[in-house]
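Here are my notes for your review. Please read them alongside the coordinates.

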Amino acid sequence: MCLPDWRREYSMVGSAILVLFTTVLGGCRKSGPRNLDERTIERISISFCQDVMKDPACSERARSVAQQVLKQRLNDTVDPKPVLVDVHFREPRGGHLVLLAVGVSDEDGDLGGLVVRERHKDQNGQTAIIEEVYPVFAHIPFNAAMYFFWRVKLREAGERKNEEQWQAYIDAGIADIEAMPPVCVSVPQPGKIDVEVWVYDNAGHNTEAVAVANRLSGVGTE
Ligand SMILES: [Ca+2]
């Protein structure tokens, strides 16, 4: 089956989610016999960390955090605090779609969503703040460290999150990644628009805020 790049990326995510649905989640220790699903989760997580650590496109911070996450993944306990490793825009080959790649680890698998916070500076030096909450992990109990790819609507002047669409998605009560509304986010522009993202879980943990790296060709650059 030949899928466009973004569908293949979504399919990868979907496969991981199926694995994760069959995994018993919780605050148990990681020692002792592991079933196949746990080993699969571990393989996905180790592979993700190693890929980030050797990816020259990732920031020095991201590579360093990936190394810390790898150590966490291989120790003997479940850390309930999520860690945001990397976040960047991704532009699949041959398409006009923009994805927000969010590389995150949460060992007890209770992620809730992400927060987009933007600072827009106008010509007079005035700063406007936009902060929006996107429950992208709702209905998705996953505990692997990996990249998730969320569909993006590049923000136009005055545009905001579509609250009605997001509420309808939450009310539907199922994990349907293709029915999920897009995340509305601006492309960062040095000196004009700063964009950062952090991730939260359902226990009230927040990761640190991480600046979104712009890997889009010819967008947001001057
Ligand atoms: Ca957690």
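1. Start with Leu-100. Its bridge partner in strand 5 is Trp-150. The pair belongs to a longer match: strand 2 (residues 99–105) and strand 5 (residues 146–154) run antiparallel and are joined by six bridges. Note that this is a predicted model throughout.

2. Strand 5 has another partner to check. It pairs with strand 6 (residues 183–185) in the parallel sense, over three bridges. Within that pairing, Leu-154 stands opposite Val-185 of strand 6. Strand 5 thus takes an antiparallel partner in strand 2 and a parallel one in strand 6.

3. Now the core. The largest nonpolar core holds 47 residues. Which of them touch the most other members? They are Val-85, Leu-100, Val-102, Val-104, Trp-150 and Val-183. Leu-100 and Trp-150 are therefore worth a second look, being bridge partners as well as on this list. In soluble globular proteins, nonpolar side chains tend to be buried together.

4. Val-85 deserves its own view. Set aside the neighbours within four places in sequence, and it is in contact with Val-52, Ala-62, Val-65, Ala-66, Val-69, Gly-103, Val-104 and Ser-105. One of these, Val-104, is also among the core members that touch the most others.

5. Turn to the open sheet. It has four strands in the order 4-3-7-8, with antiparallel pairing. Strand 4 (127–134) and strand 8 stand at the edges, each with a single partner strand, so one side of each lacks a neighbour in the sheet.

6. Inside that sheet, follow strand 3 (residues 111–121) against strand 7 (residues 193–201). They run antiparallel, joined by nine bridges. Two bridge pairs can be checked directly. Arg-119 is matched with Asp-194 of strand 7. Glu-118 is matched with Val-195 of strand 7.

7. Strand 7 also pairs with strand 8. The sense is antiparallel, over two bridges. Here Glu-196 stands opposite Ala-211 of strand 8.

8. Confidence is uneven. Mean pLDDT for the protein is 83, and 81% of the residues reach 70 or more. Which element has the highest mean pLDDT, and which the lowest? Strand 8 (residues 210–211) has the highest, at 98, and helix 1 (residues 5–21) the lowest, at 43.

9. Please treat the N-terminal stretch separately. Over residues 1–36, pLDDT stays under 50. The model nevertheless has 61 contacts beyond four places in sequence for these residues.

Note on methods. Residues are numbered from 1 along each chain as its sequence is written. This is a predicted model: local features need pLDDT of at least 70, side-chain atom pairs count only at pLDDT 80 or more; totals for chains, interfaces and linings use all residues. A nonpolar core is a set of buried Ala, Val, Leu, Ile, Met, Phe, Trp, Tyr and Cys residues joined through C-beta atoms within 7 Å. A residue is buried if 20 or more other C-beta atoms lie within 10 Å of its own, exposed if 12 or fewer, and partly exposed in between; C-beta atoms are placed from the backbone. Two residues are in contact if their C-beta atoms, placed from the backbone, lie within 7 Å. pLDDT is the predictor's confidence in each residue, from 0 to 100. Two strands pair if DSSP finds at least two bridges between them.
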